[in-house]
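Hi there,

Here is the structure I promised to pass on. Have a look at it first, and then read my notes below.

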Amino acid sequence: MKLETYKTIVERIRSNRDVTLEQLSEEFQISKNIARAIYGQEYQRKMKAVHSTHYQEQRMNMYYTRFEEMKTQKNLNCILELAKEYDLSPALLAKILITKYLQSRNEDSEASVSRQMVSCWMKDPSLIPDGFLSYQVTLATYSDLYYGSYTDVIRRCVGQEFEDRLRGHLVKNNIAFMSEDELRANDYDKTPDFKLLIPIGVKGRVINWIESKALFGDPDSHAQYLKEQLWCYWNRYGPGMVIYWFDFVEELNIYEEKGIVVMNDFPGEFTTLSQLLDST
């Protein structure tokens, strides 16, 4: 995907928070999976940026007061309506309401609330003594498709699915490797998803390791991965490859000559050492 197209998609999402994946897919001629990946990453980025604003005491009190008012009206969708009204994640709002509820049970309303307790109740709302709040937190958790603990579980599962897909390609093509878990067990300090025991050639480049990313490779994410992971693998093992399974911004693939190849699938064509030996 071209950078200009990506920027246009992001602007479309920012200007219309109710835009659907179907609309994005049709308008920009991309798959729903790619649209979902871009939308989700932009949504998470936005929530992280405004997180501290929503946790200001005055705002938290306002949210909790509104929640209590709607509770007396027996509004069973109040947490979703409030989240939409204030343009924040339902899961984030649920976390704020739990925090205020715990504060309301303390004699000192300004006393600090255990993060562990908040996290525990977010993961298992049935533990919340207030039945209405318990239901609302459950509703928020399972309605929020892009933020929160439920989303984190889905993201990990999708990541594992595509890592297994990559493993399948390696096994099918008789490419010997060590997995991330095997590298850790052998006390390697840097652990890509797969370290190839015998390098392969892709697009005329030597590939010693492969990293799997079940997301869209946007400029911010790629810059972070380069800094925190990919250059570290390059320093430790030499040239390698990262696969963004839900596509990437084409202009980011600028380090092939230095030794980091970016792709959106396992390469259909590659060269093995045995092939080179057979050709000589």
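Let's start with a word you'll meet a lot: a residue is buried under 20% relative accessible area, exposed over 50%, and partly exposed in between (1.4 Å probe, protein chains only). By that scale Arg-184, at 47% relative accessibility, is partly exposed.

Some housekeeping before the rest. This is a predicted model, so local features need pLDDT of at least 70 and side-chain atom pairs count only at pLDDT 80 or more, while totals for chains, interfaces and linings use all residues. Residues are numbered from 1 along each chain as its sequence is written, and side-chain values use heavy atoms, with hydrogens and water left out.

How confident is the model? pLDDT is the predictor's confidence in each residue, from 0 to 100. The protein's mean is 91, and 96% of its residues reach 70 or more. Confidence is highest in β4, at 97, and lowest in helix α12 (residues 273-279), at a mean of 66. The helix and strand names are DSSP runs numbered from the N terminus, where helices (H or I) have at least four residues and strands (E) at least two.

Now for β4 itself, which covers residues 240-244. How many of its residues are buried? The count is 5 of 5, so you can call this strand mostly covered. Gly-240, Val-242 and Tyr-244 point one way, while Met-241 and Ile-243 point the other way. In a regular strand the side chains alternate between the two faces of the sheet.

Which strands are joined to β4? Strand β3 (residues 205-213) runs parallel to β4 and is joined to it by 4 bridges. Strand β5 (residues 260-263) is parallel to β4 too, again with 4 bridges. Two strands pair if DSSP finds at least two bridges between them. If you want to find these contacts on screen, Ser-212 stands opposite Ile-243 in β4, and Gly-240 has Ile-260 in β5 as its bridge partner.

There is also a helix to look at here: β3, helix α11 (residues 219-237) and β4 make a right-handed β-α-β unit. Right-handed means that, with the strands pointing away from the viewer, the path from the first strand over the helix to the second runs clockwise.

Next, the charged pairs. The structure holds 18 salt bridges, each being a side-chain nitrogen of Lys or Arg within 4 Å of a carboxyl oxygen of Asp or Glu. One of them joins the side chains of Glu-250 and Lys-2 (3.2 Å, N to O). Glu-250 lies in the loop between β4 and β5 and Lys-2 in the segment before α1 (3-15), so this pair ties together parts that are 248 residues apart in sequence. Glu-250 is partly exposed at 38%, and Lys-2 is partly exposed at 47%.

Another salt bridge is between Arg-12 and Glu-27 (2.7 Å, N to O). This pair links distant parts of the chain, with Arg-12 in helix α1 and Glu-27 in helix α2 (residues 21-28), 15 residues apart. Arg-12 is partly exposed at 23%, and Glu-27 is partly exposed at 43%.

Back to Arg-184: its side chain meets that of Asp-181 in a salt bridge (3.9 Å, N to O). Why are Arg-184 and Asp-181 separated by about one helical turn? Because they are 3 residues apart in helix α10 (residues 180-185). Asp-181 is exposed, at 58%. Finally, there's a network of salt bridges linking Arg-14, Glu-42, Arg-45, Asp-218 and Asp-220.

Two backbone angles caught my eye. Most residues other than glycine have a negative phi, and most peptide bonds are trans. Asp-87, however, has a positive phi of about 55°. Asp-87 sits in the loop between α5 (78-85) and α6 and is partly exposed at 30%. Asp-187 also has a positive phi, near 65°. You'll find Asp-187 in the loop between α10 and β2 (194-202), exposed at 70%.

One last residue to click on is Ile-96, in helix α6 (residues 90-105). Is Ile-96 buried or exposed? Ile-96 counts as buried, at 0% relative accessibility.

Enjoy exploring!
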